[in-house]
Amino acid sequence: TSARLRLLPDMSEESGIDHTIAALAARQGGVVSYKQLMALGCSRWEIDYRVRVGRLHRVRRGVYAVGHVVLGIEGRRWGAVLAYAPGAALSHAAAGAAWGFRRSNAALIDVTVVGTGRKPQPGIRLHRRRSIAADEVTLLDGLPITTPARTLLDLAATGLRRRSLATAVDRAEQSGVLDFADLAVLLDRYAGRPGTPALREALDRYAGGDARSALEEVIAEICVADGIQPPQENVVVLGRVRDFFWPAARLVVEADSYAWHRSPQAMADDRQRDVELTLAGIRTLRFTWSQATRRPAWVAGTIRAALDSDFFRTVA
């Protein structure tokens, strides 16, 4: 009997370690790795015991869900990176989605690893690199991930369409996660890498102001999709270039992109532009990226309602 009792885990110690495991999993989307469990003091036998009694559920090689088997996107990302840790980072489309500047419906989770010899696992798209600089990987809520700049470069290398790449750059800047200085460093570092020319072109168009912003593209697409009569685009009205203008309705629509309207002085200039138009009997509507991408029907309805209104036409 005493021998059998010695084989059973100490309940007080067991409870303590389980709380520690649960706390770690809560910070990692509900998953932990075999290596992490060992580092916490669990033996191989204790890990197997927890699997048998349903406290741990193996979700992929060397990764366990704690107390449940259903994982959300955060848990899937963590599980994919932990499967190849250390030296692994979320990257490419998966990183773009995690940073919030590139939507992805891909079933596979992109992970970049350094070196060879890593075996593929289901549900993971593996990107092997000989090396990756320390300044190209960071943490997002504790999760190893390629920096926004490196993520954009990786996306460009996948052959992303020019408009989609420009939109990703715009959203990354709007969200405040992108440092253009970091991006310039990477473009010089990987001057001959696939994707660098496309990203340089996107940045030149983005900064030059001679091409329509990604937000303008979105608003133009909303108008076309809703059958709204075509406006004049990037036309001079009262001495200033306006994004969209319907002369008959005396209506101007501006793409209020944070990338171009973020400083107090820029906002003051915008308000002055609006006042000038109002005094001339021309209405101004401004739409943000969030409104255009999340509420396109509302944007279309607002523009259509303004076009159908006779108020300014009668007072002008």
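**Close-up views of a predicted model**

**Figure 1. Strands β7 and β8 pair in the antiparallel sense.** In this predicted model, strand β7 covers residues 137–140 and strand β8 covers residues 143–146, and 4 bridges connect the two. Within this pairing, Leu 139 has Pro 144 of β8 as its bridge partner. The two strands form a hairpin, with 2 residues between them. Asp 141, which lies in the turn, has a positive phi of about 55°.

**Figure 2. Helix α9 has three leucines as its buried residues: Leu 183, Leu 186 and Leu 187.** The helix comprises residues 180–189. Viewed down the axis of α9, the buried residues fall within an arc of 100°, so they line one face of the helix. The N-terminal end of α9 is capped by Asp 179. A side-chain oxygen of Asp 179 lies 2.8 Å from the backbone nitrogen of Ala 181.

**Figure 3. Asp 110 is a buried residue of strand β5.** The strand spans residues 109–114. Asp 110 counts as buried because its relative accessibility of 2% falls under the 20% cut-off. Its side chain reaches the backbone nitrogen of Ala 93 at a distance of 3.5 Å. When neighbours within four places in sequence are left aside, the residues in contact with Asp 110 are Ala 89, Leu 90, Ser 91, His 92, Ala 93, Ala 94, Arg 125 and His 127. Ala 93 thus appears both in this list of contacts and as the residue whose backbone nitrogen is reached by the Asp 110 side chain.

**Figure 4. Cys 42 and Cys 223 are buried cysteines.** The relative accessible area of Cys 42 is 5%, and that of Cys 223 is 3%. Both residues count as buried because these values lie under the 20% cut-off. A disulfide is a covalent bond between the sulfur atoms of two cysteines. The structure holds 0 disulfides.

**Figure 5. The protein as a whole contains 15 helices and 12 strands.** The chain features shown in the preceding views belong to a protein of 316 residues, of which 44% are buried. Among contacts between residues at least 6 apart in sequence, 59% join residues at least 24 apart. The accessible surface comes to about 16500 Å², and carbon and sulfur atoms account for 55% of that surface.

Terms used. Residues are numbered from 1 along each chain as its sequence is written. This is a predicted model: local features need pLDDT of at least 70, side-chain atom pairs count only at pLDDT 80 or more; totals for chains, interfaces and linings use all residues. Side-chain values use heavy atoms; hydrogens and water are left out. Two strands pair if DSSP finds at least two bridges between them. Helices (H or I, at least four residues) and strands (E, at least two) are DSSP runs, numbered from the N terminus. Buried means under 20% relative accessible area, exposed over 50%, partly exposed in between (1.4 Å probe, protein chains only). The arc is that of the directions from the helix axis to the C-beta atoms. A polar contact is a pair of N or O atoms within 3.5 Å; within protein, one must be able to donate a hydrogen and the other to accept it, and residues adjacent in sequence count only if both atoms are side-chain atoms. Contact means heavy atoms within 4.5 Å. Accessible areas come from the Shrake-Rupley method with a 1.4 Å probe; for residues, only the protein chains shown count as cover. A disulfide is a pair of cysteine sulfur atoms within 2.5 Å.
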